[in-house]
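Visitor: I would like to learn how to read a two-chain model, one feature at a time. Where should we start?

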Amino acid sequence: MQQTRTMELGTGLFVLLGIGALFFLTTQTTGQNDFDADETFEVQARFENIGSLKTRAPVSMSGVTIGRVTDIRFDPVSLEAVVTFVIDSKYDQIPDDSDASILTAGLLGSQYIGLQPGGSSFSLEQGSEILYTQSAIVLENIIGKFLVGGRPEGDDE
Amino acid sequence: MLREILDTFLQFLRTFGAMVLFFVRVSWYSPAVFFRRFPLVIKQVYNAGALSIVIIMVSGLFVGGVLALQAYSNLERFNAEDTTGIFAGFALIKEIGPVITALLFAGRAGTALASEIGLMKATDQLSAMEMMAVDPLRYVVIPRFLGGVISMPILTAVFTTVGLAGAHIVAVEWLGVDVGAYWQQLQQALDMEDVLEGIYKSIVFGVIASLLAVWEGYNAIPTAEGVGRATTRTVVITAIAVLIFDFMITAAVSLR
């Protein structure tokens with residue numbers, strides 16, 4: 001009887017520990033840039049070069065994540081990348097002439113879309129397109145220019 | 001000469017075939033055993049899992065610590081100490097956690113299973129069961145197999161969690177990596193898919209390690225020497241199989 005109790009206690013503790021560990025692994029170690037809004041609206045933007053932007057990358061304004069990239073396509077007519085992203089419906093007062101740029105978190109971090117507010121009195125809504133965009137800064141190009149040109153652009157004398 | 005090679009090859013093929021058939025039989029009866037003989041399964045979860053927890057936790061702590069040390073001393077050269085968390089987290093969750101847990105499991109629980117079943121065979125307990133019309137496969141082998149399969153994912157999760165704690169202690173408390181940077185970078189880099197990959201691996205390794213252990217025990221030569229040899233073979237074959245499968249799963253996942 002005593003032995004059965006020890007066994008049951010040990011097994012219970014073991015399984016509980018396992019569930020605790022699994023819970024920790026699935027919730028605490030995975031991506032925290034979670035964005036789950038019930039209602040969102042879709043916005044598009046065209047970029048000359050998106051660098052290594054991926055779907056599910058965050059869309060942020062003033063450093064706060066307000067949306068997520070849902071789709072990246074290449075437009076064969078205009079030869080540009082078309083990025084579709086959703087923004088939480090709570091933020092429905094973003095001026096429609098805001099500009100979108102592809103930024104990098106840290107020097108070598110992952111890329112995300114940063115929005116800078118414009119001054120228009122109309123706001124972004126479902127299906128809007130952001131007209132002012134700035135491409136990703138591709139580090140290799142800068143290094144290439146630096147190595148070959150030897151002198152940064154606009155520094156002619 | 002050629003004859004011998006052919007014979008060896010045929011022998012290998014026969015053993016392999018018998019093992020596959022054994023696996024099919026074990027899996028076939030597993031659900032019924034799980035539901036009808038649940039107390040037996042619980043007992044084996046205790047034997048294979050709960051009794052292995054100490055070795056798993058101690059090993060995890062030190063493996064995590066050494067990973068953080070290695071990562072730190074290399075990343076420091078690039079002034080990228082903050083990414084120690086990414087390195088330790090990725091390595092632990094995707095590779096080292098499942099693999100080392102499986103190897104420790106083979107050493108701690110696999111050998112126990114193999115020698116226990118082998119000894120039962122050597123002392124004619126299995127034959128006695130058959131005489132009484134009790135199927136030793138369903139009464140002895142399958143509960144042990146299921147106990148191992150259930151324990152492995154739990155042990156892996158505990159190992160990985162304790163490993164992350166060990167890496168945290170070394171990197172943050174000892175080497176002075178910023179705690180916010182450490183966890184934030186880790187969380188940014190890891191996806192749910194990575195955690196799931198580790199869990200899938202632990203399930204596959206659990207099946208491999210438990211199956212090989214009960215197979216070796218069940219087919220041990222019923223002498224003291226035979227049981228000893230079966231125990232050794234369990235560890236050797238499990239280690240090889242786990243490492244090969246680890247490579248294949250990683251290749252399949254990353255080349256997808």
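Guide: We go through the chains, then the sheet, then the helix packing, then the contact between chains. Keep in mind that this is a predicted model.

Visitor: What helices and strands does chain B have?

Guide: Begin with a count of elements and their order. Chain B has nine helices and zero strands, so its element string, read from the N terminus, is α-α-α-α-α-α-α-α-α. The C-alpha trace of chain B spans about 70 × 50 × 35 Å along its principal axes.

Visitor: Into which domains is chain A divided?

Guide: For domains, look at the bounds and then at the separation of the centres. Chain A has domain 1 at 1–30 and domain 2 at 40–144. The centres of these two domains of chain A, taken over C-alpha atoms, are separated by 45 Å.

Visitor: In what order do the strands of the sheet in chain A lie?

Guide: A sheet is read by strand order, then by the sense of pairing. In chain A, eight strands form an open sheet with the order 7-1-4-3-2-6-5-8, and the pairing is mixed. Strand 7 (128–130) and strand 8 (132–134) of chain A are at the edges; each has a single partner strand, so one side of each has no neighbour in the sheet. On average, neighbouring strands of this sheet are turned by 30° against each other, direction ignored.

Visitor: Where do I see the mixed pairing? In which sense does strand 5 of chain A pair with strand 8 of chain A, parallel or antiparallel?

Guide: Take one strand and check its partners in turn. Strand 5 (residues 99–104) of chain A pairs with strand 8 of chain A in the parallel sense, over three bridges. One residue to locate there is A:Ala100, whose bridge partner in strand 8 of chain A is A:Thr133. With strand 6 (residues 111–116) of chain A, strand 5 of chain A pairs in the antiparallel sense, over six bridges. Here A:Thr104 stands opposite A:Gln111 of strand 6 of chain A.

Visitor: At what angle do helix 4 and helix 7 of chain B pack?

Guide: For a helix pair, read the angle, the axis distance, the handedness and the residues. Helix 4 (residues 84–122) and helix 7 (residues 179–189) of chain B pack at about 50°, with their axes 7 Å apart. That angle makes helix 4 of chain B oblique to helix 7 of chain B. Their crossing is right-handed. The residues of helix 4 of chain B in this contact include B:Gly85, B:Gly89 and B:Phe90, and those of helix 7 of chain B include B:Trp183 and B:Leu186. By class, this contact has six nonpolar, four polar and no charged residues.

Visitor: How do helix 3 and helix 4 of chain B cross?

Guide: Follow the steps again. The axes of helix 3 (residues 53–75) and helix 4 of chain B come within 10 Å and cross at roughly 145°. This crossing is right-handed. Among the residues in contact are B:Ile56, B:Val63 and B:Leu67 of helix 3 of chain B, and B:Phe87, B:Leu92 and B:Arg108 of helix 4 of chain B. The classes come to 15 nonpolar, four polar and one charged.

Visitor: How many residues does the contact between the chains take from each chain?

Guide: The size of an interface is often given as the accessible area lost when the parts come together. Here we use residue counts: 18 residues come from chain A and 21 residues from chain B. The side of chain A that touches chain B holds eight nonpolar, 10 polar and no charged residues.

Technical notes
Residues numbered from 1 in each chain as written. Chains lettered and ligands numbered in written order. Predicted model: local features only at pLDDT ≥ 70, side-chain atom pairs only at ≥ 80, totals over all residues. Axes fitted to C-alpha atoms, helices over the stretch in contact; angles between N-to-C directions. Helix = DSSP H or I, 4+ residues; strand = E, 2+ residues; numbered from the N terminus. Parallel < 35°, antiparallel > 145°, perpendicular 65-115°, else oblique. Left-handed = near helix turned anticlockwise from the far one by under 90°. Contact = placed C-beta atoms within 7 Å. Nonpolar A, V, L, I, M, F, W, Y, C, P; charged D, E, K, R; others polar. Pairing = 2+ DSSP bridges. Domains from an automatic or database assignment.
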